[in-house]
Amino acid sequence: MTVNGQVLGCGAGPHTNLLDWLRDEGLTASKEGCAEGECGACAVLVNRPDGSGRSRWTSVNACLPPALAFDGQEVVTAEGLGKAPGVGLVEDLHPVQREMADRGGSQCGYCTPGFICSMASEYYRPERSPSVAAKESGSETGTDAVGAEHAADHECGPNGFDLHALSGNLCRCTGYRPIRDAAYALGAPQETDPLLLRQDRAAPAAKATVHKTTQATGDVAFIRPGSLDELLDRLAENPKAKLVCGATDAGVEINLRHTRPPLILAVDRLKVLRTLEIGADRIEIGAALTLSEVERGLGGKVEMLSHLFPQFASRLIRNSASFGGNLATGSPIGDSAPALLALNASVVLASVAGEREVALAEYFTGYRQSVKKPDEILRAIRIPLPLAETTAFYKISKRRFDDISSVSAGFAMQRDGGIISSVRIGLGGVAATPIRALRTEEVLVGQPWNAKTAAAAAAVMATEGTPIDDMRASALYRSAMLRQSVLRFYAQTHSAPALEAAK
């Protein structure tokens, strides 16, 4: 592994996360705040693929993925940013570090290194256009507040900096205004900036890894297979092996529940699982492609998913998480399932015996259970085309971003001459599995999309699923939110007076 420009041998155990290994190596800037990917104090930069022959610096939570998952990869920590040759401008400070210091963006400093790494990822984002954004906002330096042009998107600064890049970083004492000021003060990287130039070359190729050791609990191993065939062979021999992609779920289990799987199979860098194909009749998304990569690859072509992505955890998590991992966990509150159910998606399951395609509506069988066999992997997700003309995704949670949903709902409706010809509604958080709102769909099909139909559908929607009382919401609240989601969907396609008539 290359860390801050130096090659370091990684002798970590299979269950040691990247953060703990870095700190053991003396790189103690990154901190453990929550150990579950919610606070961002542990954020670091990783060089990831970005198209043919290019790469991009991507911020990830270091507290979740195994250190061995970065074998052969390039990592930069907050210490390395300031020491990069030709980057530091004042006392070896990186421009991001300098602006944070100048504008008082740090108080106790515990969260600061994580903020700096997330900020640096956005600083080097190829799509960011500081000079253009600054000119449009009337500020050549990009240091002023958000201009009138950005009023509709108040989280985008005049320098093109997207504050959502910091959505997974929490500050407990300084307050966010000086941090925002520092972000909006950043100009473009210098043309000679070595970290900028690094993005003009391909990211390191995935390295097949086999690391075995003996611990008190017995023999344990971390293996990154070099091919899909090798992965399927190893899984056939060890069907109880733990498959790890972004480790946004598995890492939490290891950190907080102290699970210690004897065999970890890393699937995150297998090329065959990292494809995105848009054909005439379907879109196929590789199960290991990160959500951020899917978002960039689709470029807004699937409106439902464009609604989903900003609400799915944080940018830090989306830089590691995948559709495959989210569906494989089988969680009833996974954000992607309701949207994909509404899109009539299917999953491709693969084993040494071959592949089979299963409709997502038939995939879940019980709480965190599915039709996927122990020796199968989820290879891809398929979304049929054409898409429905009217779609929406709603997530109800205590926080707007970076939170687990209480209820979520995806709607996909097709109309013909004002009459609803087809509709699919996916729900999460109201049953032991993600479900389709079949009774509500039945009420809607064949009816005009008007206030009377919306009111009737909303009443039925409130009875869907088997919601329960828990720490996130009561059963009554969940049912009320189901009803409200239909009215909200109706409001988005009709005028305000029509909405009042539907209530």
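The exercises below work through cavities, strands, a helix and aromatic rings in a predicted model.

**Exercise 1. Enclosed space**

Task: State how many cavities of 30 Å³ or more the model has, and describe the largest cavity and its lining.

Solution:
- Step 1. Rolling a probe the size of a water molecule over the atoms shows where empty space is left.
- Step 2. The count gives 4 cavities of 30 Å³ or more.
- Step 3. For the largest cavity, the volume is about 150 Å³.
- Step 4. Its lining consists of 16 residues, and those nearest the centre are Arg48, Cys245, Gly246, Asp268 and Ser320.
- Step 5. Sorted by class, the lining of the largest cavity holds 9 nonpolar, 4 polar and 3 charged residues.

**Exercise 2. The second largest cavity**

Task: Find which secondary structure elements each supply at least two residues of the lining of the second largest cavity, and which gives the most.

Solution:
- Step 1. The second largest cavity has a volume of about 70 Å³.
- Step 2. The lining residues are Arg48, Pro49, Arg56, Thr58, Thr290, Ser292, Glu293, Arg296 and Asn319.
- Step 3. Strand E3 (43–49), strand E4 (55–61) and helix H10 (291–298) each supply at least two of these residues.
- Step 4. H10 gives the most, with 3 residues.
- Step 5. By class, the lining of this cavity splits into 1 nonpolar, 4 polar and 4 charged residues.

**Exercise 3. An open pocket**

Task: Give the volume of the second largest pocket and the make-up of its lining.

Solution:
- Step 1. The second largest pocket contains about 620 Å³ of space.
- Step 2. Its lining has 25 residues, with Pro49, Asp50, Arg269, Lys271 and Arg274 nearest the centre.
- Step 3. Of the lining residues of this pocket, 12 are nonpolar, 4 polar and 9 charged.
- Step 4. Pro49 also belongs to the lining of the second largest cavity.

**Exercise 4. A five-stranded sheet**

Task: Give the strand order of the open sheet with 5 strands, and explain why one side of E2 and of E4 is left without a neighbour.

Solution:
- Step 1. Strands of a sheet pair through backbone hydrogen bonds, either parallel or antiparallel.
- Step 2. The order in this open sheet is E2-E1-E5-E3-E4, with mixed pairing.
- Step 3. Strand E2 (6–7) and E4 are at the edges and have a single partner strand each, so one side of each lacks a neighbour in the sheet.
- Step 4. Further in, E3 pairs with strand E5 (residues 74–76) in the antiparallel sense over 2 bridges.
- Step 5. Leu45 has Val76 in E5 as its bridge partner.

**Exercise 5. Strand E7 and its partners**

Task: Determine how strand E7 runs relative to E6 and to E9, and how many of the residues of E7 are buried.

Solution:
- Step 1. Strand E6 (residues 209–215) and E7 run antiparallel and are joined by 7 bridges.
- Step 2. E6 and E7 form a hairpin, with 2 residues between the strands.
- Step 3. One bridge pair here is His211 with Phe222 in E7.
- Step 4. E7 and strand E9 (residues 263–266) run parallel, joined by 3 bridges.
- Step 5. Opposite Ala221 stands Leu263 in E9.
- Step 6. E7 (residues 218–224) is mostly covered, as 5 of its 7 residues are buried.

**Exercise 6. Helix H17**

Task: Compare the span of helix H17 with the expected value, and list its buried residues.

Solution:
- Step 1. H17 (residues 475–493) has 19 residues.
- Step 2. From first C-alpha to last, H17 reaches 28 Å, close to the 27 Å expected at 1.5 Å a residue.
- Step 3. The buried residues in H17 are Ala475, Arg478, Ser479, Met481, Leu482, Ser485, Val486, Leu487, Phe489 and Tyr490.
- Step 4. An α-helix has 3.6 residues a turn, so residues three or four places apart point the same way.
- Step 5. Phe489 and Tyr490 also belong to one aromatic cluster with Tyr394, Phe411 and Trp449.

**Exercise 7. A ring pair**

Task: State how many aromatic pairs the model contains, and explain why Tyr123 and Tyr124 are classed as they are.

Solution:
- Step 1. The count is 8 aromatic pairs.
- Step 2. The ring centres of Tyr123 and Tyr124 lie 4.9 Å apart and the planes stand at 75 degrees, so this pair is edge-to-face.
- Step 3. Tyr123 has 4% relative accessibility and therefore counts as buried.
- Step 4. Tyr124, at a relative accessible area of 2%, is buried.

**Exercise 8. Thr453**

Task: Place Thr453 in its element, and decide whether the residue is buried or exposed.

Solution:
- Step 1. Helix H16 (residues 451–461) contains Thr453.
- Step 2. Its relative accessible area is 6%, so Thr453 is buried.
- Step 3. Between Thr453 and Val267 there are 46 Å in space, C-alpha to C-alpha, and the two are 186 residues apart in sequence.

Technical notes:
Residues are numbered from 1 along each chain as its sequence is written. This is a predicted model: local features need pLDDT of at least 70, side-chain atom pairs count only at pLDDT 80 or more; totals for chains, interfaces and linings use all residues. Side-chain values use heavy atoms; hydrogens and water are left out. On a 1 Å grid over the protein atoms alone, a cavity is a set of points where a 1.4 Å probe fits but cannot get out, and a pocket is an open set with protein on both sides within 12 Å along at least five of seven lines; lining residues have an atom within 4 Å of a point. Grid points are joined across faces, edges and corners, and a volume is the space filled by probe spheres set on the points. Ala, Val, Leu, Ile, Met, Phe, Trp, Tyr, Cys and Pro count as nonpolar, Asp, Glu, Lys and Arg as charged, and the others, Gly among them, as polar. Helices (H or I, at least four residues) and strands (E, at least two) are DSSP runs, numbered from the N terminus. The expected span of a helix is 1.5 Å times one less than its number of residues. Buried means under 20% relative accessible area, exposed over 50%, partly exposed in between (1.4 Å probe, protein chains only). Two strands pair if DSSP finds at least two bridges between them. Rings of Phe, Tyr and Trp (its six-membered ring) pair if their centres lie within 6.5 Å; planes under 30 degrees apart count as stacked, over 60 as edge-to-face and the rest as tilted.
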